[in-house]
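Here is a small set of exercises to work through with the model open beside you. Try each task first, then read the solution.

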Amino acid sequence: MINIAYVGFGKSTNRYHLPYLKLRLDHFNVRRIITPTLGKRAVEQAAWEATGTIFSTDIEDIVNDDKVDLVVVVTPSASHYQIAKTLLAAGKNVIVDKPMATNYDEAKTLVNLANKNNVLLMPYQSRRFDSDFLTVKKVLADGYLGRLVDLEVHMDHYRPNDGLQNGSSIDGALYDHGVHLIDQVVSLFGKPKAATYDLRSARILDSQVTDQIEVNLFYDKAFKATVQTTEVAAIQYPKWQLRGTKGTFIKYQVDEQENDLKTGILPGEPGFGLDVPQNYGKLVYFNQSGDRIEKYIPSVSGDYGRIYDNIFDTLTTGSKKLVSDEQMLTVMKLLDVGQQHISPHTEFFS
């Protein structure tokens with residue numbers, strides 16, 4: 001049994017973490033929850049207190065609790081680095097929501113500290129278990145597309161009135177949606193050889209906070225992966241487009257887990273997170289005989305809770321952690337150099 005503590009008890013903890021953990025209480029015990037506002041979520045707090053979870057407002061309660069094995073940091077992004085650093089210095093295993101830090105140097109400091117103290121550090125990259133991403137991985141593994149030439153992945157919305165006038169880089173789209181998509185690409189293909197960036201504010205002119213991004217990741221002369229997000233997409237664009245020498249795969253709809261969670265449908269309930277057939281991705285490819293084949297690929301079931309399964313295995317059996325140090329630092333380097341320079345620009349990586 002792993003005793004787990006949470007720093008933060010807001011929407012993200014209660015929507016994207018605890019509903020999945022409730023299905024895994026044979027492996028995890030929620031020992032402590034730190035929140036600056038006790039009683040703000042009175043019903044949820046009372047339910048967890050009834051199981052023995054201790055609520056308080058001081059992170060030192062976690063630092064000084066020798067029974068806490070793992071801490072999950074689910075707080076505003078700008079606070080992630082300092083909180084994670086405090087916990088790692090105290091010898092705690094740490095999972096931190098994205099982005100794990102505000103820049104590459106901070107991320108490197110956290111990785112070095114974790115390695116020095118022989119503890120686990122990992123960002124909560126739950127979207128590695130998106131249904132649409134898992135389906136893309138299957139299409140690639142099955143070899144339908146031949147040699148991959150282009151990959152495009154989008155995370156688009158229509159929120160024309162939600163822009164920010166002032167803020168820091170961590171408030172922008174690159175560190176928000178972009179970190180998920182870049183991590184997905186890095187998990188598939190590793191570190192790119194070069195990247196180009198186009199970061200803009202589409203909703204509020206001259207805003208310091210970018211809300212529309214395009215990042216092109218170049219892996220060799222023949223393959224490029226493109227990450228794009230916008231908040232002014234009134235007409236849906238495909239979530240995924242993959243083009244290879246033998247075929248093309250396109251999927252429009254995103255993973256349904258988040259939509260279900262927002263409507264109160266929880267993990268473990270019938271139909272949770274499942275795609276309906278009309279939302280399956282379309283594959284067109286040419287077989288060995290040169291025949292053109294069209295088919296729809298049933299979506300692989302997603303499950304954000306699988307990140308907790310990986311954490312349990314890593315802490316109890318020493319198995320490989322889901323997001324390696326190299327991957328998390330590659331993602332942070334791509335975010336950092338993208339935000340530091342005037343857009344658009346190109347960055348080369350050795």
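The exercises below go through empty spaces, a core, a helix and two residues in strands.

This is a predicted model, where local features need pLDDT of at least 70 and side-chain atom pairs count only at pLDDT 80 or more, while totals for chains, interfaces and linings use all residues. Residues are numbered from 1 along each chain as its sequence is written, and side-chain values use heavy atoms, with hydrogens and water left out.

**Exercise 1. Find which residues line the largest cavity.**

Step 1. Get the terms straight: on a 1 Å grid over the protein atoms alone, a cavity is a set of points where a 1.4 Å probe fits but cannot get out, a pocket is an open set with protein on both sides within 12 Å along at least five of seven lines, and lining residues have an atom within 4 Å of a point. Grid points are joined across faces, edges and corners, and a volume is the space filled by probe spheres set on the points.

Step 2. The structure has one cavity of 30 Å³ or more, and the largest cavity holds about 50 Å³.

Step 3. Its lining is made of Lys 98, Pro 99, Met 100, Pro 123, Gln 125, Val 179, Asp 183, Met 328, Val 331 and Met 332.

Step 4. Helices H7 (177-189) and H10 (325-340) each bring at least two of the lining residues; helices (H or I, at least four residues) and strands (E, at least two) are DSSP runs, numbered from the N terminus. H10 gives the largest share, three residues.

**Exercise 2. Work out which helices help line the second largest pocket.**

Step 1. This pocket has a volume of about 200 Å³.

Step 2. Look for Asn 14, Leu 18, Pro 19, Lys 22, Glu 44, Ala 47, Trp 48, Leu 266 and Pro 267 around it.

Step 3. Helix H1 (11-21) and helix H2 (42-49) each supply at least two of the lining residues.

**Exercise 3. Locate the largest nonpolar core and its residues with the most contacts.**

Step 1. Such a core is a set of buried Ala, Val, Leu, Ile, Met, Phe, Trp, Tyr and Cys residues joined through side-chain atoms within 4.5 Å. Buried means under 20% relative accessible area, exposed over 50%, and partly exposed in between (1.4 Å probe, protein chains only).

Step 2. The largest one has 97 residues, and Ile 4, Tyr 6, Leu 87, Met 100, Leu 121, Leu 151 and Tyr 308 have the most contacts inside it. H10 gives the most to this core, with seven residues.

Step 3. Now turn to helix H4 (residues 80-89), where His 80, Tyr 81, Ile 83, Ala 84, Leu 87 and Leu 88 are buried. Among the elements covering them are strand S1 (2-7) and helix H5 (104-116).

**Exercise 4. Is Thr 226 buried or exposed, and what does its side chain pair with?**

Step 1. Thr 226 sits in strand S10 (residues 223-230).

Step 2. Its relative accessible area is 6%, so Thr 226 counts as buried.

Step 3. Its side chain makes a polar contact of 2.8 Å with that of Asn 216; a polar contact is a pair of N or O atoms within 3.5 Å, where within protein one must be able to donate a hydrogen and the other to accept it, and residues adjacent in sequence count only if both atoms are side-chain atoms.

**Exercise 5. Which side chains make polar contacts with Gln 241?**

Step 1. Find Gln 241 in strand S11 (residues 240-244).

Step 2. Gln 241 is buried because its relative accessibility is 12%.

Step 3. Its side chain has a polar contact of 3.2 Å with that of Tyr 237 and one of 3.4 Å with that of Arg 243.

Notes. Contact = heavy atoms within 4.5 Å.
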